[in-house]
Amino acid sequence: QVQLQESGPGLVKPSQTLSLTCTVSGGSITTSYYYWSWIRQPPGKGLEWMGAIAYEGSNYYSPSLKSRTSISRDTSKNQFSLQLSSVTPEDTAVYYCARKGSYYGTYDYWGQGTQVTVSS
């Protein structure tokens with residue numbers, strides 16, 4: 001059974017960088033052909049895909065967030081991470097990590113989500 005767990009600060013100040021880590025257990029992030037994504041949901045809004053890192057390390061980003069987003073991985077720890085720079089209160093959301101079986105596949109495993117609030 002694959003499990004994903006988000007971790008990171010719950011409060012970030014405006015203009016700072018939001019950093020979250022997703023720890024994966026029960027499966028390797030390097031196994032073909034999985035894609036590991038970050039998705040967020042602002043209060044009262046729908047889910048927003050932010051970006052992904054593929055099993056072989058390629059990155060994919062939402063065009064609207066690409067200039068501020070970086071996704072990396074640590075294969076030794078079976079983790080992948082999100083950095084979102086220059087945050088504003090509009091970046092307040094529940095942040096999820098999730099897996100899908102191919103680039104065009106569906107998400108089959110999700111983390112429980114972590115609330116991040118951007119406020120001074």
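Is S15 buried or exposed? S15 is exposed, with a relative accessible area of 59%. Keep in mind that this is a predicted model. The protein chain has 11 strands and 0 helices, and a single disulfide turns up in the count, 1 in total. Here's the rundown, from the whole chain down to a handful of residues.

**Overall build**

- Reading from the N terminus, the elements go β-β-β-β-β-β-β-β-β-β-β.
- The radius of gyration is 13 Å, close to the 14 Å that the globule rule gives for 120 residues, so the chain is as compact as a globular protein of that length.
- Taken along the principal axes, the box filled by the C-alpha atoms is roughly 40 × 25 × 25 Å.
- Of the contacts with a separation of 6 or more, 54% are between residues 24 or more positions apart.

**Surface and charge**

- Buried residues account for 38% of the 120 residues.
- The accessible surface is about 6200 Å², and carbon and sulfur atoms own 47% of that.
- On the charge side, there are 9 positive and 7 negative charges, and their mean positions sit 3 Å apart.

**The disulfide**

- A quick reminder: a disulfide is a covalent bond between the sulfur atoms of two cysteines.
- Here the partners are C22 and C97, with an S to S distance of 2.1 Å.
- The pair ties together distant parts of the chain: C22 belongs to strand β3 (residues 18–25) and C97 to strand β9 (residues 93–100), 75 residues apart.
- The C22 and C97 link is right-handed, with 65° about the S-S bond.
- How accessible are the two ends? C22 counts as buried because its relative accessible area is 0%, under the 20% cut-off.
- C97 is buried too, again at 0% relative accessibility.

**Backbone oddities**

- For background, most residues other than glycine have a negative phi, and most peptide bonds are trans.
- S32 and Y33 are joined by a cis peptide bond, with omega about -10°.
- Y33 sits in the loop between β3 and β4 (35–41).
- S15, the residue from the opening question, has a positive phi near 80° without being a glycine.
- You'll find S15 in the loop between β2 (11–12) and β3.
- N78 is another non-glycine residue with a positive phi, near 55°.
- N78 is in the loop between β7 (69–74) and β8 (79–84).
- Unlike the exposed S15, N78 is buried, with a relative accessible area of 15%.

**Strand β1: Q5 and E6**

- Q5 is part of strand β1 (residues 3–7), and E6 is in strand β1 as well.
- Which of these is buried? E6 is, with a relative accessible area of 5%, whereas Q5 is partly exposed at 36%.
- Leaving out residues up to four places away in sequence, Q5 touches T21, C22, T23, C97 and Q112. Both disulfide cysteines, C22 and C97, are on that list.
- With residues up to four places away again not counted, E6 touches T21, C22, W38, Y95, Y96, C97, G111, Q112, G113 and T114. C22 and C97 are among them.
- The C-alpha atoms of E6 and L20 are 6.8 Å apart, with their positions 14 residues apart along the chain.
- For Q5 and Q16, 11 residues apart along the chain, the C-alpha separation is 23 Å.

**Strand β8: Q83**

- Q83 is in strand β8, and Q83 is partly exposed, with a relative accessible area of 42%.
- Where does Q83 make contacts? Ignoring neighbours within four places in sequence, Q83 is in contact with T17, L18, S19, R68, T69 and S70.
- One of those partners, S70, is 13 residues away from Q83 along the chain, and their C-alpha atoms are separated by 5.1 Å.

Notes:
Residues are numbered from 1 along each chain as its sequence is written. This is a predicted model: local features need pLDDT of at least 70, side-chain atom pairs count only at pLDDT 80 or more; totals for chains, interfaces and linings use all residues. Side-chain values use heavy atoms; hydrogens and water are left out. Helices (H or I, at least four residues) and strands (E, at least two) are DSSP runs, numbered from the N terminus. The radius of gyration is taken over C-alpha atoms; the globule rule is 2.2 Å times the number of residues to the power 0.38. Buried means under 20% relative accessible area, exposed over 50%, partly exposed in between (1.4 Å probe, protein chains only). Contact means heavy atoms within 4.5 Å. Accessible areas come from the Shrake-Rupley method with a 1.4 Å probe; for residues, only the protein chains shown count as cover. Lys and Arg count as positive and Asp and Glu as negative; His and the chain ends are not counted. The place of a charge is taken as NZ of Lys, CZ of Arg, CG of Asp or CD of Glu. A disulfide is a pair of cysteine sulfur atoms within 2.5 Å.
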